[in-house]
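Thank you all for coming. I would like to take you through one protein model this morning, going from its charges and overall form to a few helices and single residues.

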Amino acid sequence: MAQQPGKIIAIANHKGGVAKTATAHNLGKALAMKKQKVLLIDMDAQGNLSQNMGQNEPEATLHSVFEGNEMPLIPIDENLDLVPSDLDLDYADEKLRAQGLPGYRQLSKALSPLREKYDFIILDCPPSVRGMIVSNAMVAADSVLIPVVPEKGAVKGLAGVFRLMEDNAIMNENLKVEGIVFTRVKDRTALHSHYVEEIREDYDHVHIFETIVHESIAVAEAGTMETDIFTHSAKNKAAQDYMALAEELLTNG
Ligand SMILES: Nc1ncnc2c1ncn2[C@@H]1O[C@H](COP(=O)(O)OP(=O)(O)OP(=O)(O)O)[C@@H](O)[C@H]1O
Ligand SMILES: [Mg+2]
């Protein structure tokens, strides 16, 4: 049982393939290993997070929550639960929109009683900045954590996330940026510094995590083997990185 209401963090970037899902999974697991009670919510109809956690054909999904049913909480590991998703989530959008304003608050409402039970609730968002699913994430979240890969076009996806936050600000004026975390980093030298500077130029107020997550095939392997990086390869550099990221997040409060 969490001591105080849990923090809801949405992991988002307009750009695809920047390790949103890998970060939700492995940061979530790292926090769970640090005795934090963690709930991961798969907000993507592609269901990558669910599949990477061994839930390929979940009986109930986040979609059923939007239909008014209970959160289907699946215990995965010690301190780590999952709400899975599947392609049926795509059908939620229209129904939520038809509800008007309450349609934006469905997730927030459903998570409200769960906040007492978890220290962290992490939302793995799809790479889109439109639609009721991501809006529900922005309305429910306390903060947004943005994974960025230091490569050409890295800064582009950021504008989409900030626009998404602005678009929903009227329903969640307290939404904060948790920070930007560089993922899939091949080195911390010139290239990385170049992108840090580029982001600083446009977003000087935004926190950039000191921790970077290195590129490592083990992260992809772990996902394919339906497990996290720590279970797959505890000594791997990316495992150490995700643990350091969890520590930094806990220190920052
Ligand atoms: N640190 C890493 N090193 C190597 N491969 C990684 C790393 N992080 C993620 N990957 C791989 O990169 C691919 C994209 O990662 P992931 O699915 O987490 O990104 P995403 O942002 O969630 O993508 P999408 O936008 O499609 O939801 C996956 O195959 C994943 O295994
Ligand atoms: Mg993903």
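Let me begin with the charges: the mean positions of the 24 positive and 37 negative charges of the protein are 3 Å apart, where Lys and Arg count as positive and Asp and Glu as negative, with His and the chain ends not counted, and where the place of a charge is taken as NZ of Lys, CZ of Arg, CG of Asp or CD of Glu.

Before going further, I should say that this is a predicted model, in which local features need pLDDT of at least 70 and side-chain atom pairs count only at pLDDT 80 or more, while totals for chains, interfaces and linings use all residues. Residues are numbered from 1 along each chain as its sequence is written, chains are lettered from A and ligands numbered from 1 in the order in which they are written, and side-chain values use heavy atoms, with hydrogens and water left out.

Now the overall form. The protein has 11 helices and 7 strands, these being DSSP runs numbered from the N terminus, with helices (H or I) of at least four residues and strands (E) of at least two. Along its principal axes the C-alpha trace spans about 50 × 40 × 35 Å. A compact globule of 253 residues would have a radius of gyration near 18 Å, and the protein, with 17 Å, agrees with that; the radius is taken over C-alpha atoms, and the globule rule is 2.2 Å times the number of residues to the power 0.38.

How much of the protein is buried? Of its 253 residues, 55% are buried, a word that means under 20% relative accessible area, whereas exposed means over 50% and partly exposed is in between, using a 1.4 Å probe and protein chains only. The protein exposes about 11,800 Å², and carbon and sulfur atoms supply 48% of it; accessible areas come from the Shrake-Rupley method with a 1.4 Å probe, and for residues only the protein chains shown count as cover. Turning to contacts (heavy atoms within 4.5 Å), among those with a separation of 6 or more, 79% are accounted for by residues 24 or more positions apart.

Next, two helices. Helix α11, residues 237-252, has 16 residues that at 1.5 Å a residue should span 22 Å, and its end C-alpha atoms are indeed 22 Å apart; the expected span is 1.5 Å times one less than the number of residues. Its buried residues include Ala238, Tyr242, Met243, Leu245 and Leu249, and the buried residues of α11 pack against β1, α1, β5, β7, α9 and α10. Helix α7, residues 156-167, has 12 residues and reaches 17 Å from its first C-alpha to its last, close to the 16 Å expected. Among the buried residues of α7 are Leu158, Val161, Phe162, Leu164 and Met165, and what covers the buried residues of this helix includes α6, β6, β7 and α8.

I will finish with single residues, and the first topic is strand β4. Leu80 sits in β4, residues 80-83, and is buried, with a relative accessible area of 1%. Leaving aside neighbours within four places in sequence, Leu80 is in contact with Gly28, Lys29, Ala32, Val38, Leu40, Met53, Ile74 and Pro75. Asn79 lies in the loop between β3 and β4 and, although it is not a glycine, has a positive phi of about 70°.

A positive phi also appears at Ala19, where the value is near 80° in a residue other than glycine. Ala19 has its place in the loop between β1 and α1, and at 15% relative accessibility Ala19 counts as buried. Thr21, in helix α1, is buried too, with a relative accessible area of 16%, and outside its neighbours within four places in sequence Thr21 is in contact with Asn48, Leu49, Asn52 and Asp124.

Which residues does Gln106 contact, leaving aside its neighbours within four places in sequence? They are Val65, Phe66, Leu96, Gln99 and Asn136; Gln106 itself lies in helix α5, residues 106-111, and is buried at a relative accessible area of 14%. Asn69, by contrast, is partly exposed, with a relative accessible area of 46%, and is placed in the loop between α3 and β3.
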